[in-house]
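Thank you for making time this morning. I would like to walk through one structure with you, beginning with its charged side chains and then turning to its interior.

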Amino acid sequence: MNRLHDDYEYHAWASMRVLKHLETLPAGTLTQEVQLGFSSLAEVLGHLAAAEEIWLARLKGEPAPSLTPRPFQTVEQARLAFDGVFMAMRQFLDNNPDSEEVISYRNSAGKEFQSTIAEILQHVLYHGAYHRGNISTILRSLGHPGIGTDYILFLRR
């Protein structure tokens with residue numbers, strides 16, 4: 001497995017670890033309202049899923065879906081969505097071994113850009129890490145502990 005695959009596996013592991021942790025929390029935590037940049041944990045997860053679907057579509061040269069957050073009501077709904085997009089991204093990476101291949105795509109405003117597969121994937125990874133941090137902040141504000149998703153924990157598993 002190459003570094004790009006390894007990094008993506010970390011991203012998927014960290015995201016699924018957060019979802020497993022959320023399953024252990026009291027009912028209603030996912031949709032409990034907060035005012036911390038997002039209105040709920042469900043909204044953060046919905047945003048992450050939508051963004052990952054958009055980047056995958058761009059990588060594949062397909063029309064990008066809406067950035068509207070996915071309307072998750074349960075952790076199970078989120079887990080199923082993430083399982084699907086993670087599997088599809090892994091398949092894309094397996095079938096496109098040249099990480100320096102340049103991809104042309106349009107952003108949500110219609111402006112055209114070009115980036116390598118590696119650059120796009122790095123963005124997806126950093127975006128996911130940023131929002132997993134949002135999730136930890138929201139959890140703490142609600143009186144719940146976060147869960148460790150540091151890269152070193154991934155290596156030690």
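Glu 62 is partly exposed, at a relative accessible area of 41%, where partly exposed lies between buried, under 20% relative accessible area, and exposed, over 50%, with a 1.4 Å probe and protein chains only. Its partner in a salt bridge is Lys 60, with the closest N and O atoms 3.8 Å apart, and a salt bridge here is a side-chain nitrogen of Lys or Arg within 4 Å of a carboxyl oxygen of Asp or Glu. Lys 60 is likewise partly exposed, with a relative accessible area of 42%.

Before going further, I should say that this is a predicted model, in which local features need pLDDT of at least 70 and side-chain atom pairs count only at pLDDT 80 or more, while totals for chains, interfaces and linings use all residues. Residues are numbered from 1 along each chain as its sequence is written, and side-chain values use heavy atoms, with hydrogens and water left out.

How many salt bridges does the structure hold? There are seven salt bridges, and among them is the one between Glu 9 and Arg 90, whose closest N and O atoms are 2.6 Å apart. This pair links distant parts of the chain, since Glu 9 sits in helix α1 (residues 3-23) and Arg 90 in helix α3 (residues 75-95), 81 residues apart; helices (H or I, at least four residues) and strands (E, at least two) are DSSP runs, numbered from the N terminus. Glu 9 has a relative accessible area of 23% and is partly exposed, and Arg 90, at 30%, also counts as partly exposed. Another salt bridge joins the side chains of Arg 106 and Glu 112, at 3.4 Å from N to O. Glu 76, Arg 79 and Asp 83 are joined into one network by salt bridges that share partners.

Glu 52, in helix α2, has no salt bridge although it is buried, and the nearest side chain of opposite charge, Arg 132, is 7.1 Å away; for charge, Lys and Arg count as positive and Asp and Glu as negative, with His and the chain ends not counted. Beyond its neighbours within four places in sequence, Glu 52 is in contact, meaning heavy atoms within 4.5 Å, with residues including Tyr 8, His 11 and Phe 86.

Turning to the interior, the largest nonpolar core has 42 residues, of which Leu 22, Leu 45 and Phe 82 touch the most other members. Such a core is a set of buried Ala, Val, Leu, Ile, Met, Phe, Trp, Tyr and Cys residues joined through side-chain atoms within 4.5 Å. Leu 45, leaving aside its neighbours within four places in sequence, is in contact with residues including Leu 19, Leu 22, Phe 82 and Ile 135. As for α1, 15 of its 21 residues are buried, so that this helix is mostly covered.

Finally, let me point to Ser 40, which is found in the loop between α1 and α2 and is buried, with a relative accessible area of 7%. Its side chain reaches the backbone nitrogen of Ala 42 at 3.3 Å, and a polar atom of that Ser 40 side chain lies 3.0 Å from the backbone nitrogen of Glu 43. Away from its sequence neighbours within four places, Ser 40 is in contact with Leu 30, Thr 31, Gln 32, Val 34 and Ile 138.

Definitions and conventions:
A polar contact is a pair of N or O atoms within 3.5 Å; within protein, one must be able to donate a hydrogen and the other to accept it, and residues adjacent in sequence count only if both atoms are side-chain atoms.
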